[in-house]
Amino acid sequence: MASKRTIEILNIIDDMYGTDMRCYLNHDSAWQLLIATILSAQCTDARVNIVTESLFKKYPSIKAFADANLEELENDIKPAGFQHSKATNIIGCCQKLHYEFNDEVPKTIEELTSLPGVGRKTANVIRGNIYNDPSIVVDTHVKRISNRLGLTKESDPVKIEFDLMKKLPKDHWILYNIQIITFGRDICTAKNPKCDRCKLKNYCNE
């Protein structure tokens, strides 16, 4: 059960950003969200959305990505950065989806993380946003701000995930990440956070 302090923090965040569980990565299907999430590593959602707007028209199916030419795909996703590793993972991921999962994105954390380029963070994005399976996505914002708010003392994303699963009510597992991304971009930035505008400053450990 969440502590009184944790509930107070969540109530403030709910008031600030609402409780609309909208994913910031544009997608029309589970496989599109999976590819967009792979592209989002070390890249902003806004830039990924620019890249995928034309990418999903050029490659309209899992099979199209599975059959893609590596160098050509690298060039297509270059604005998202790390194009060689991302293109390699996307092709490998889609080949496995096509040949082993019959073009269906799996639901379990074990099956999802068996796909090339898919770690727990990406798997939890799919589980939460596609299958409504409560999950906590630990990105740089969640890691930084959860430490500042004293919700975890860990630095390892997996340990943070399990700490937050213990401390946050299940109905906020998906929502927390969506809210914290906005909070981390607008106010609680990595450098020069806007503490004078922060409604959570009384709960901050820094």
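Here's a quick tour of the nonpolar cores and the pockets in this structure, which is a predicted model.

Let's start inside. The largest nonpolar core holds 38 residues, and the ones touching the most other members are Ile35, Leu39, Phe65, Leu73 and Ile90. Two or more of the core's residues come from each of α2 (30–39), α3 (45–58), α4 (62–66), α6 (83–100), α7 (109–112) and α8 (120–129). The top contributor is α2, which supplies 8 residues.

Phe65 is a good place to zoom in. Leaving out residues up to four places away in sequence, Phe65 touches Trp31, Ile35, Leu55, Phe56, Tyr59, Leu73, Ile90, Ile91 and Cys94. Apart from this core there's another one, made of 22 residues, including Val142, Leu151, Ile160 and Cys188.

Now for the pockets. Here are the two volumes:

| Pocket | Volume |
|---|---|
| Largest pocket | about 810 Å³ |
| Second largest pocket | about 170 Å³ |

Around the largest pocket sit 38 lining residues, with Ser40, Ala41, Asp45, Lys121 and Asp139 nearest its centre. Helices α2, α6, α8, α9 (140–148), α10 (157–167) and α11 (173–186) each give two or more residues to that lining, and α8 gives the most, with 7. What mix of residue classes lines the largest pocket? There are 15 nonpolar, 15 polar and 8 charged residues.

The second largest pocket has a lining of 14 residues, and Arg148, Cys188, Cys195, Cys198 and Cys204 lie nearest its centre. Its lining has 10 nonpolar residues and 4 charged ones, but no polar ones. Cys188 turns up twice in this tour: as a member of the 22-residue core and as part of this pocket's lining.

Methods. Residues numbered from 1 in each chain as written. Predicted model: local features only at pLDDT ≥ 70, side-chain atom pairs only at ≥ 80, totals over all residues. Heavy atoms only, no water. Core = buried A, V, L, I, M, F, W, Y, C linked by side-chain atoms within 4.5 Å. Buried < 20%, exposed > 50% of the residue type's maximum accessible area, 1.4 Å probe, protein only. Helix = DSSP H or I, 4+ residues; strand = E, 2+ residues; numbered from the N terminus. Contact = heavy atoms within 4.5 Å. 1 Å grid on protein atoms, 1.4 Å probe; cavity = no way out; pocket = protein on both sides within 12 Å on 5 of 7 lines; lining within 4 Å. Points joined across faces, edges and corners; volume = space filled by probe spheres on them. Nonpolar A, V, L, I, M, F, W, Y, C, P; charged D, E, K, R; others polar.
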